[in-house]
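Colleague: I would like a close look at a single part of this protein, set against the rest of the chain. Please take me through it in one go.

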Amino acid sequence: MLISDTILQAAHITEAELRQEIAILLFQQERLTLGQASRFAEMSQLQFQRLLGSRHIALHYDLAELQEDVKSLQEHGWQ
């Protein structure tokens, strides 16, 4: 996704901050899982969880998300 510098300057936001805002919004709407949202925000899941916590946004975490996280960990060699 390419956002023009003009838009970023007008919004007084960096590209990284915009990615985080979009990730938070889509996570709140349950359109992205925690893992997907953290990847979109280019943050670790722990960093993203802390960001959510700083904004008092509750985590919704179900079996499908747990399975996705386990798969991701296995793909990255963590056992």
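Modeller: A residue is called buried when its relative accessible area is under 20%, exposed when that value is over 50%, and partly exposed in between. Leucine 66 has a relative accessibility of 41%, so this residue counts as partly exposed. The model is a predicted one, and the part I will look at is the helix that holds leucine 66, namely α5.

Helix α5 covers residues 63–75, which makes 13 residues. From its first C-alpha to its last, α5 reaches 18 Å, close to the 18 Å expected at 1.5 Å a residue. Just after the helix comes glycine 77, with a positive phi of about 80°.

On the surface, Leu66 joins Tyr61, Leu63 and Val70 in making a nonpolar patch of about 370 Å². Tyrosine 61 sits in the loop between α4 and α5. Its relative accessibility is 42%, so tyrosine 61 also counts as partly exposed. As for distance across the fold, the C-alpha of leucine 66 lies 17 Å from that of glutamine 28, and the two residues are 38 apart along the chain.

Helix α5 also helps to cover another helix. The buried residues of α2 are covered by elements that include α5, along with α1, α3 and α4. Those buried residues are Leu18, Arg19, Gln20, Ala23, Ile24 and Phe27. Helix α2 itself runs over residues 15–28, 14 in number, and spans 20 Å between its end C-alpha atoms, close to the 20 Å expected at 1.5 Å a residue. After α2 comes glutamate 30, whose phi is positive, near 60°.

Helix α4, residues 45–54, precedes the loop that carries tyrosine 61. Phe48, Leu51 and Leu52 are its buried residues. Viewed down the axis of α4, they fall within an arc of 100°, so they line one face of the helix. An α-helix has 3.6 residues a turn, so residues three or four places apart point the same way. On the other side of α4, Arg50 and Ser54 are exposed. The buried residues of α4 pack against α2 and α3. Just after α4, histidine 56 has a positive phi of about 60°.

One residue of α3 deserves a mention here, serine 38. With a relative accessible area of 2%, under the 20% cut-off, serine 38 is buried. Apart from neighbours within four places in sequence, serine 38 is in contact with Met43, Ser44, Gln45 and Phe48. Phe48 is also one of the buried residues of α4.

Now the whole chain. The protein has 5 helices and 0 strands, in the order α-α-α-α-α along the sequence. Its C-alpha atoms fill a box of roughly 45 × 25 × 20 Å along the principal axes. Of its 79 residues, 27% count as buried. Among contacts between residues at least 6 apart in sequence, 44% join residues at least 24 apart. The protein exposes about 5,800 Å², and carbon and sulfur atoms supply 55% of that area.

To return to α5: leucine 66 is partly exposed and belongs to the nonpolar patch with Tyr61, Leu63 and Val70, while the helix is among the elements that cover the buried residues of α2.

Notes. Residues are numbered from 1 along each chain as its sequence is written. This is a predicted model: local features need pLDDT of at least 70, side-chain atom pairs count only at pLDDT 80 or more; totals for chains, interfaces and linings use all residues. Side-chain values use heavy atoms; hydrogens and water are left out. Helices (H or I, at least four residues) and strands (E, at least two) are DSSP runs, numbered from the N terminus. The expected span of a helix is 1.5 Å times one less than its number of residues. Patches are made of residues with over 30% relative accessible area and no salt bridge: like charges are joined within 9 Å, nonpolar side chains (Val, Leu, Ile, Met, Phe, Trp, Tyr) within 5 Å. Accessible areas come from the Shrake-Rupley method with a 1.4 Å probe; for residues, only the protein chains shown count as cover. A salt bridge is a side-chain nitrogen of Lys or Arg within 4 Å of a carboxyl oxygen of Asp or Glu. Buried means under 20% relative accessible area, exposed over 50%, partly exposed in between (1.4 Å probe, protein chains only). Contact means heavy atoms within 4.5 Å. The arc is that of the directions from the helix axis to the C-beta atoms.
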